[in-house]
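Student: Could you take me on a close tour of one chain in this complex, chain B, and show me how its parts and its neighbours fit together?

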Amino acid sequence: MWGKVYTGFGYWDASAWILFFFIAAFFTLWLRSQGRSDYKKGTEQDEIYWSGNEVPEDGEDITVPASSAYWGFRKALEPFYRGLLGIHTGIATDIVGYYVMTVAFLAVFILLV
Amino acid sequence: MNWNDHLPALILIIPLFGAFIAPICSLGGKTARNFLLVVISFITLIVAFMLWRHVLANGISYYVMGGDKFNLSLPSGMALPVRIILEVDAFSAFMALCGAIVSFAGALFSVNYMNRFSGMGRFVSLYCLLTTGMLGMMVTGDIFNFFIFIEISSIASFGLIAFWRDKPTAIEASFKYALISQVGSMLILIAAGTLYGKYNMLNMAAIGSVLKMGTMEKLALVFLVGSLAMKCGSFPMHMWLPDAYAEAPTGVTCLLVAVSQASLYGLMRVCYSIYGAAMGSSFIPWMIIVFGLASMFFGVSMAVVQHDIKRLMGYHSVSQVGYMLLGLGVGLLVLDDARAMADYGFTAIKGGVFHIFNYTMYKALLFLTAGAIYYATGKRDLNEMGGLARRMPYTTFMFVIAAAAISGLPPFNGFVSKLLIYESSFAVHPFLAVVALVTSVLTLASFVKVFQTAFLGPEKNSLAKIQEVPAAMLIGMAVLTAAILGASLFPSWTLSTLVEPAARALVDQSGYIGAILGGGM
Amino acid sequence: MIGNAPFFAVGVLFLMGLLGIFMTKNLIKIAIAVTILGSSVNIFLVALGYRTGGTIPVHFLAGEGTTMVMPTPQAMTLTAIVIALATTALLLSLIMLVWRHYGTIDVDEIRRLRG
């Protein structure tokens with residue numbers, strides 16, 4: 001049951017991975033336990049640091065919204081995304097159109113090849 | 001009477017019975033109706049499990065509908081099988097098991113999720129009908145019957161996707177799906193009619209035994225491959241899929257995932273068991289590989305920039321279907337080359353089949369967690385969510401497991417099936433493995449975004465009063481989590497017991513044909 | 001050649017249905033084009049079953065004719081007609097609901113789900 005999965009080119013052993021994970025976790029937790037625990041909870045020492053500004057009460061104001069999460073990736077690939085989002089128009093007949101064009105392309109080429 | 005002989009018919013009749021009894025049961029009140037839904041799904045799951053055990057022990061199991069005996073496929077001296085024959089080999093039984101597990105999880109989830117809506121008698125009836133259609137697609141051995149079950153599941157889906165009639169986007173999604181589904185089904189019917197007109201038979205095994213490639217068979221193959229790839233959601237024809245998956249109620253989306261897998265089953269049955277060795281040129285395998293690559297890459301590129309959680313998961317569905325098409329296409333490519341098959345072809349097929357199981361489990365779980373978020377907060381837009389991990393710990397835990405599985409992180413099951421696909425597709429051409437790896441990285445990126453924005457982060461005042469979802473929904477999600485963890489911790493057992501018989505049955509075209517034509521009296 | 005006339009009719013109707021889906025903007029006309037597509041496939045199925053000089057495929061009190069047309073495609077066609085009926089009914093009800101929500105049945109305007 002706990003065997004190895006042999007692909008043609010190597011193997012994957014889940015139990016070995018889990019063993020290494022526990023060893024690494026042990027070291028991580030040991031390092032974490034070397035920290036100081038003599039701080040006073042609930043006072044200024046426990047606050048988050050927000051570049052020296054006032055931390056707003058509502059969590060709403062300090063979250064990064066999901067739409068700006070990968071803005072750099074999107075801006076770098078802007079020509080690609082403009083084309084890709086241009087295909088996805090959302091018009092019903094375009095959806096059927098791409099399908100019919102694909103089947104027509106396959107039908108023509110299978111008779112030629 | 002031996003129960004095991006009648007299992008293929010029982011697996012279709014039980015959900016169908018549930019579908020017809022549901023309006024009567026809902027006269028008994030909400031509890032009776034919910035009880036019916038859960039009990040019917042559970043009995044279907046048990047029958048699917050027993051059918052799988054029976055097929056593993058006894059080989060291909062077939063059932064002649066309406067015959068004198070259940071296995072009289074060639075009655076009194078006839079050369080062709082004349083009735084509708086259900087043929088269940090290990091691959092069909094495997095897919096029926098996946099579909100039944102997902103249907104049970106979705107049914108448990110819908111018990112609480114839909115308690116704010118009326119007309120639930122019709123929902124239960126349509127849900128059971130969709131289950132029947134999906135299971136029928138997987139067990140039938142007759143190509144016209146396959147078309148009928150595709151239509152049954154499509155029509156039930158149209159009604160279920162548009163179930164919230166007050167939402168304009170749900171009606172729009174259902175209309176687009178209905179339009180493209182109807183055009184696709186007409187092409188499947190033309191293909192079935194062409195094969196009938198040429199060979200005068202509708203049985204898949206019988207057609208497979210006499211098929212010779214000619215112009216009409218090539219056109220039939222193209223229509224079947226194109227339409228079934230459309231119903232799975234592969235690249236140029238995938239645009240209905242994120243809309244339909246996002247707008248349907250979540251239990252239904254969970255089941256629609258399995259219905260798309262049934263179409264993938266149909267595609268593989270056509271390519272491996274009907275055409276199989278007669279396929280001739282490698283045009284269709286390469287086209288399936290190209291569809292797979294395009295779906296993988298373009299699906300995940302669209303998913304990274306979405307901000308609606310269910311639409312994002314719908315685009316990930318498109319991308320994961322690409323993995324399965326890639327694995328199974330590589331296997332199809334080297335089907336007649338025995339040495340390449342032993343080298344990397346059979347590994348590719350095993351990877352593709354294992355990925356079907358993994359994908360069905362983790363994708364259904366992801367949709368259920370998105371549905372749980374919607375139930376608790378009322379929002380589907382990631383821009384408005386945040387800090388949910390404090391209040392919904394169980395949902396967060398299950399989401400992390402599903403997200404790690406879909407991204408292909410070890411030690412989860414997604415990693416194992418993707419490893420098999422990477423290594424075997426690398427042997428065909430390195431570019432295939434490169435695209436698969438880039439897609440995996442982008443999938444991880446997208447789910448890190450979802451996890452961070454929905455679950456981590458500071459707590460918002462607008463979401464201060466949410467609670468964890470009710471128990472029935474958590475149990476539904478736990479069923480799928482248990483399946484994922486089982487496949488992750490025991491990968492070699494899962495591969496040898498669940499996947500390898502299915503992959504072997506898929507490759508064995510002569511066994512599939514011989515069970516019907518050599519059997520009977 | 002004249003014996004292939006039904007199949008030419010099938011091809012013409014199929015193309016008419018397919019072109020009808022792309023050339024018009026009104027959703028109801030698109031639904032009508034889909035129905036024409038379904039009818040063309042039904043004609044194809046019935047035409048497949050014809051055998052030269054055949055009579056109806058009824059065995060009881062048959063009469064003198066010995067060649068019969070094939071009954072299987074007739075059964076297939078009946079099933080396909082019923083399925084197309086159910087799908088058309090659903091398509092038309094969805095169009096009605098679309099009109100109620102969007103106020104328009106122009107296919108270019110119904111695009112709230114895009115991108």
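Here is a walk through chain B, from its inside to its partners.

Tutor: Happy to! Keep in mind throughout that this is a predicted model.

Let's start with how chain B is divided. The domain assignment gives two parts: domain 1, made of 1–279 + 513–521, and domain 2, covering 281–489. Their C-alpha centres lie 23 Å apart. Between them, 35 residues of domain 1 of chain B are in contact with 38 residues of domain 2 of chain B. On the domain 1 side, at least two residues each come from helix H3 (90–113), H8, helix H9 (240–247) and helix H10 (250–275) of chain B. H3(B) gives the largest share of that side, with 11 residues. The chemistry of this side is worth a look: 27 of its residues are nonpolar and 8 polar, with no charged ones.

Now go inside. The largest nonpolar core has 264 residues, and those touching the most other members are B:Ala96, B:Ala105, B:Ile161, B:Leu365, B:Ala402 and B:Ile484. Helix H13 of chain B supplies the largest share of this core, 20 residues. Pick out B:Ala96 and see what surrounds it: beyond its neighbours within four places in sequence, B:Ala96 is in contact with B:Ile11, B:Ala48, B:Leu51, B:Leu135, B:Met138 and B:Val139.

There is also a strand pair to find in chain B. Strand S1 (residues 61–64) of chain B and S2(B) run antiparallel to each other, joined over 4 bridges. Within that pair, B:Tyr63 stands opposite B:Leu86 in S2(B). Look along strand S2 (residues 85–88) of chain B: B:Ile85 and B:Glu87 point one way, B:Leu86 and B:Val88 the other way. That fits a general pattern, in which the side chains of a regular strand alternate between the two faces of the sheet. Here B:Ile85, B:Leu86, B:Glu87 and B:Val88 are all buried, so both directions from S2(B) are covered by the burial criterion of 20 or more other C-beta atoms within 10 Å.

Next, turn to the partners, beginning with chain A. Contacts link 56 residues of chain B to 38 residues of chain A. Many helices of chain B take part, each with at least two residues, including helix H6 (168–199), helix H13 (338–377), helix H16 (430–455) and helix H18 (491–507). The largest share of this side, 8 residues, comes from H8(B). By type, the side of chain B that touches chain A has 33 nonpolar, 16 polar and 7 charged residues.

What does chain A itself look like? Its secondary structure comes to 4 helices and 2 strands, in the order β-β-α-α-α-α from the N terminus. Its radius of gyration is 28 Å, whereas a compact globule of 113 residues would have one near 13 Å. Along the principal axes, the C-alpha atoms of chain A fill a box of roughly 80 × 50 × 25 Å, and 13% of its 113 residues count as buried.

Finally, look at chain C. Here 26 residues of chain B are in contact with 26 residues of chain C. On the chain B side, the elements giving two or more residues are helix H5 (143–161) and H6, and H6(B) has the largest share with 17 residues. This side divides into 16 nonpolar, 6 polar and 4 charged residues. H6(B) is a good helix to end on: besides its 17 residues facing chain C, H6 of chain B supplies at least two residues of the side that touches chain A.

Note on methods: Residues are numbered from 1 along each chain as its sequence is written. Chains are lettered from A and ligands numbered from 1 in the order in which they are written. This is a predicted model: local features need pLDDT of at least 70, side-chain atom pairs count only at pLDDT 80 or more; totals for chains, interfaces and linings use all residues. Two residues are in contact if their C-beta atoms, placed from the backbone, lie within 7 Å. Ala, Val, Leu, Ile, Met, Phe, Trp, Tyr, Cys and Pro count as nonpolar, Asp, Glu, Lys and Arg as charged, and the others, Gly among them, as polar. Domain bounds come from an automatic or database domain assignment. The radius of gyration is taken over C-alpha atoms; the globule rule is 2.2 Å times the number of residues to the power 0.38. A residue is buried if 20 or more other C-beta atoms lie within 10 Å of its own, exposed if 12 or fewer, and partly exposed in between; C-beta atoms are placed from the backbone. A nonpolar core is a set of buried Ala, Val, Leu, Ile, Met, Phe, Trp, Tyr and Cys residues joined through C-beta atoms within 7 Å. Two strands pair if DSSP finds at least two bridges between them.
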